[in-house]
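Biologist: Could you walk me through one small part of this structure, slowly and in plain words? I'd like to know what sits there and what touches what.

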Amino acid sequence: MNLVIGLTLFFIVWTTQRTLVNSKKLLIIVPSPLYSHQIAYQSLWRKLHERGHELVILTLNAIKDPNLTNYTEINYNINYGKLEKILDMKLNRRFTEMELNELLDNIRHNITEELLKLPNIQQLFVSTSNEKFDAVIVETVSSPIFYLLAQKFNAPLIGITSTQLRNLERYLLGSPILPSHLSNWEIENISTNAQFLQRLKNFIDTYYYMYYWFYTFVPIQQMIARKYLGDNVPSIIEAGQNMSLVLASSHMINLYSRPEIPNVVYYNSGHISKIPPSLPTDLREFLDNATNGFIYMSFGSTVKYNYLKENTKTLLTNVLSKLPWPIVWSRNDADSIKNFSYHLGKIFISKWVPQQGILAHPNIKLFIYQGGLQSTEEAIHYGVPLIGIPIVFDQHYNVKKIVTFGVAKYLHLANMTEEIFHDSIYDMFNNIEKYKEKMLELQGIVKDVPYDSVENAVWWIEYVIRNKGWIAQKRSYILQVQSPRWRNAQLILSSNNEQDKTKEQDNSCCGSYREVSTAPDVPEFATDSLTRILTNV
């Protein structure tokens, strides 16, 4: 008996010491002001913490768990006003995803400056700082200026994104750019049978934004770096090209076959609860009484109900109020609805509901949503057929891809009428067994995996740390040969803009300063004016 106790104690001490010996200190910067982005990362942070690593995280949405030791969250507040205004503009007038990205980039510059004003962040950049980190993880979509911290701490740089890689990130890392391939999720109207003019437009849209990012966005980030960190800061582009690993959120079923570089690792579904959250009493009773099935409708945390056009609100209300099935409708304006007059007994409106708890309810028949990646993963996990009404970002891509499995319908918000919306819902209910069967089949495929993707992502993070960023040394052949191709263009731009650079260097951080950097060779016809002309093709 004593021998058993002794061996048990030895094993506990041995494993504890082994964890402590292998524990590392990680700096994580994920400044995106979108809750759906942050929630996709938190399972990774928890898993890294379980492995014994010490984490210092800059985030807008802190976990705030007092039980997490060696887990420091630098939480910051940000005004969502500008972001909300841009999303409202996207919904109330049609402009491309590329134009949306340019507007969002201005917000990213503002966020970067606000973060660099934080004492905790300034301290990280100070040369006399005694802080040491074994790896730096930075969200690729937001503020590439923080790539510089990897060089500051002589630590491997790891990128992370809650979507698939963007083209500019692929170019930066040496992955092929395929403007008209179905995997190019940044093109809203990508199709399998695009004609020449559409392919030309795809090419121009893709390379125009890459050109803008390398020659406008990054130079402004470089100027901000000089403003707050001094004149001798390294190149952001070169820092980004030394990225050892990129963690991208997506499942293989959401991807199209395409050439991929080996240092891209996909993870998915980490946010899904092992046990669905419990439902409030009034909501649970409402769903339990829906013995013939119910519909759940939500446009997620990013797109607010009040962003929608008035005619869209009227359309949704008119159709949903006439349906025979109970409906749970998640709306951010629910608190202002005191006297919900139509079909009160059949429509349950709430500002917030535990979505996974609703999707896990046995009476649910249909989920009407905006096409967010996390919601798509949850619908598959719980086996719920979908109607997707995408609005921004990768939502169009996500819905179109899930439709190919026969488990969902795609509705374009700009072209949707009451008749189309009504008929789509009835078609889903009339064929619900078919959609349900296919969704359960897809569910089985997604769950039939040899390992947990989040644990796999953690393993690769530890691999990079153990081998001191070795993957970065095996840079893509494309990345090695493409830089000379653009050198002549860089020299031309440098000579043409030298006088302008001198004049504009003292402008504000968000001015028109341009700096030479490794950027894609954009043909002369790929100008802003022609891009907008071809928008109407």
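**A close look around Ser175**

Modeller: Let's start with the company Ser175 keeps: apart from neighbours within four places in sequence, Ser175 is in contact with Arg170, Arg258, Pro259, Glu260 and Ile261. Keep in mind that this is a predicted model. Ser175 itself sits in the loop between H7 and H8. Is Ser175 buried or exposed? Ser175 counts as buried, because its relative accessibility is 3% and the cut-off for buried is under 20%. One of its contacts is a polar one: the side chain of Ser175 meets the side chain of Arg258 at 3.5 Å.

Now pick two names from that contact list, Arg170 and Glu260. They also have something going on with each other: Glu260 and Arg170 form a salt bridge, with 2.8 Å between the closest N and O atoms. This pair ties together distant parts of the chain, 90 residues apart. On one side, Glu260 is in the loop between strand E6 (243-249) and strand E7 (264-267). On the other side, Arg170 belongs to helix H7 (residues 167-173). How exposed are the two partners? Glu260 is partly exposed, because its relative accessible area is 32%, and partly exposed runs between 20% and 50%. Arg170, on the other hand, is buried, with a relative accessible area of 4%.

Next, have a look at Arg166. Which residue does Arg166 form a salt bridge with? Its partner is Glu169, and the closest N and O atoms are 3.0 Å apart. Both ends of this one are tucked away: Arg166 is buried at 3% relative accessible area, and Glu169 is buried too, at 6%.

Let's carry on to helix H8, which covers residues 196-229. Here the side chains of Lys201 and Asp205 meet in a salt bridge, 2.7 Å from N to O. Both residues lie in that helix, four residues apart, or about one turn of it. Lys201 is buried, and Asp205 is buried as well. Elsewhere, salt bridges with shared partners join Lys47, Glu50 and Glu455 into one network.

And how many salt bridges does the structure hold? There are 11. So if you want a path to follow on screen, begin at buried Ser175, hop to Arg258 through the polar contact between their side chains, and then find the salt bridge between Glu260 and Arg170.

Methods:
Residues are numbered from 1 along each chain as its sequence is written. This is a predicted model: local features need pLDDT of at least 70, side-chain atom pairs count only at pLDDT 80 or more; totals for chains, interfaces and linings use all residues. Side-chain values use heavy atoms; hydrogens and water are left out. A salt bridge is a side-chain nitrogen of Lys or Arg within 4 Å of a carboxyl oxygen of Asp or Glu. Buried means under 20% relative accessible area, exposed over 50%, partly exposed in between (1.4 Å probe, protein chains only). Helices (H or I, at least four residues) and strands (E, at least two) are DSSP runs, numbered from the N terminus. A polar contact is a pair of N or O atoms within 3.5 Å; within protein, one must be able to donate a hydrogen and the other to accept it, and residues adjacent in sequence count only if both atoms are side-chain atoms. Contact means heavy atoms within 4.5 Å.
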